[in-house]
Amino acid sequence: MERPAPGEVRMSQAIQPAHANPRGELSAGQLLKWIDATACLAAEKHAGVSCVTASVDDIQFEEMARVGQVITIKAKVTRAFSTSMEISIKVVVQDMFTGIEKLVSVAFSTFVAKPVGEEKIHLKPVTLLTEQDHVEHNLASERRKVRLHHEDTFKNLMKENNKFEDPICDEEEGMVPTSGTSVQSIELVLPPHANHHGNTFGGQIMAWMETVATISASRLCGAHPLLKSVDMFKFRGPSTVGDRLVFNAIVNNTFQTCVEVGVRVEAFDCQEWSEGQGRHINSAFLIYNAVDDKEELVTFPRIKPMSEEDFRRYRGAIARKRIRLGRKYVISHKEEVSLCVHWDISNQGALSNANVEGLKNLAARSGWEVTSAVEKIKIYTLEEHDILSVWVEKHVERPAHVTYHLLSDFTKRPLWDPHYVDSYMVAVKSVILPSVPPSPQYIRSEIICAGFLIHAINSSSCTVSYFNQISASISPYFAGNLGGWSKSIEETAASCIQFLENATEDGSINIF
């Protein structure tokens, strides 16, 4: 194994049976404890003073680790601000017999330096040695913006969700009331649970939260849930040795093969315990999958909200899912592998047929979920094996055949789409044309599979559905919309509707 980079902290642990869940896999709670400890030590190595966890970005679990394997956690500071630091965390697992390493998780957390007494502290900048250091340093600023605006973004999405009736709230057979998934547990904080600052170790709180959340999810699926990710959350306040921590967990919503469980933590000292008035110190949202005895993903039953609070949590889960989708671009830097094919007259027919077939297959897939609905526009998303696709549905007061004529003329597209500047693209998949070489004036983005499907409602109106299987190069455009901090998709869709409803059949515009 290569030597640690300057400023990097590593922890290696051999996974023992005591660290495992009933499936013989490393307990997610145990891994969260190790991750938090390693990140804290990396922060203190840079700061030179004690540091505490402020927040944790959503942790994605890519691979399971088993008893007998070795976990290695690498943590380093990517960027230092005035008193806080972002820590990047990478977890890999190695099989001792084969030597094969696999990526378990990549995550980011924020730590705050704790000066001694009244001393003020200003953290030194991070030394950037490699190209990847520079990339992560720049992305750290974007991730910080997302964290700072998280609460406002969430509130705006909740307001938006309240404006439309969610179709998956409709009654259907097999729906499960949320009350059946409620779990409460209590823990007494003892000295072994405290960190070197005397407060309850953040990783220990996360581990306890994971335990009650797993029980809640298991009541819904009747199987052993597998933690897929931990949503971004903040530590709202400390707890100390002697405190009683009460954990309340409940399923908020389900999305096909995953379920979101919310956990709230309250701390009580002796007096607060007798008075029944605790301190809210943490909330987090954990997302689970479950597999059957054939190791295939289980589809969760839909949740049936009963009370006003149930509906609030239900809609909150939808908003958080949008934010998670949007954050994917700024959480990590992903290089794009070009899939473009070279076009010439000999393969024109084959390319056209493949494009149409690919678009039809994308539209026919199951699992599309509504994420936004405003007047005549609905936006759906579909996640399959880390591939994100978007479906924008527009209701247009224009006959289907006229709409098709207008949309199929790509020379008219700049009239309604401000993001479209290339009038040479005539397919729903990007191709390479020798006659149109790259230009430094434009940034080219690859289209994997995209296009319009038009369905007539009656003789004078239709629905126009735009589909796009998102590539890495166009994900920044969609990420802002899905995350809730941009409305460019809705604005472009509204402009498209206006164009279609006011254009003559030859494409000229009546109102512009």
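Start by selecting Cys449 and Gln469: Gln469 is the bridge partner of Cys449 in strand E21. Strands here (E, at least two residues) and helices (H or I, at least four) are DSSP runs numbered from the N terminus. You're looking at a predicted model, where local features need pLDDT of at least 70, side-chain atom pairs count only at pLDDT 80 or more, and totals for chains, interfaces and linings use all residues. Residues are numbered from 1 along each chain as its sequence is written, and side-chain values use heavy atoms, leaving out hydrogens and water.

**Stop 1: strand E21 and its neighbours**

Now show E20 (residues 449–458) next to E21: the two run antiparallel and are joined by 9 bridges. Strands count as paired if DSSP finds at least two bridges between them. To get from E20 to E21, follow a hairpin through 2 residues. Add E18, which also runs antiparallel to E21, with 8 bridges joining them.

How many of the residues of E21 are buried? The count is 9 of the 9, so E21 is largely enclosed by the rest of the structure. (Buried means under 20% relative accessible area, exposed over 50%, and partly exposed in between, using a 1.4 Å probe and protein chains only.) In a regular strand the side chains alternate between the two faces of the sheet. Colour Ser461, Thr463, Ser465, Phe467 and Gln469, which point one way from E21, then Cys462, Val464, Tyr466 and Asn468, which point the other way.

**Stop 2: Ser389**

Click on Ser389 in strand E18. Its bridge partner in E21 is Gln469. Ser389 is buried, with a relative accessible area of 1%. Contact means heavy atoms within 4.5 Å, and not counting residues up to four places away in sequence, Ser389 touches several residues, including Leu362, Trp368, Tyr380 and Asn468.

**Stop 3: the rings**

A pair of aromatic rings is described by the distance of the centres and the angle of the planes. Rings of Phe, Tyr and Trp (its six-membered ring) pair if their centres lie within 6.5 Å; planes under 30 degrees apart are stacked, over 60 edge-to-face, and the rest tilted. The whole structure has 7 aromatic pairs. Select Trp368 and Trp391: the ring centres are 5.6 Å apart and the planes stand at 80 degrees, so this pair is edge-to-face. It links distant parts of the chain, 23 residues apart, with Trp368 in the loop between helix H7 (348–364) and strand E16 (369–374) and Trp391 in E18 (residues 387–396).

Is Trp391 buried or exposed? Trp391 counts as buried, at 16% relative accessibility. Next, add Phe467, which is stacked with Trp391 at 5.2 Å centre to centre and 25 degrees between the planes. This pair links strand E18 to strand E21 (residues 461–469), across 76 residues. Phe467 counts as buried too, at 2%. Finally, add Tyr380: ring pairs link Trp368, Tyr380, Trp391 and Phe467 into a cluster.

**Stop 4: a look at the cysteines**

A disulfide is a covalent bond between the sulfur atoms of two cysteines. With a cut-off of 2.5 Å between the sulfurs, the structure holds 0 disulfides. Zoom in on Cys462, whose sulfur is 9.7 Å from the closest cysteine sulfur, in Cys496, too far for a bond. Cys462 is buried, with a relative accessible area of 0%.
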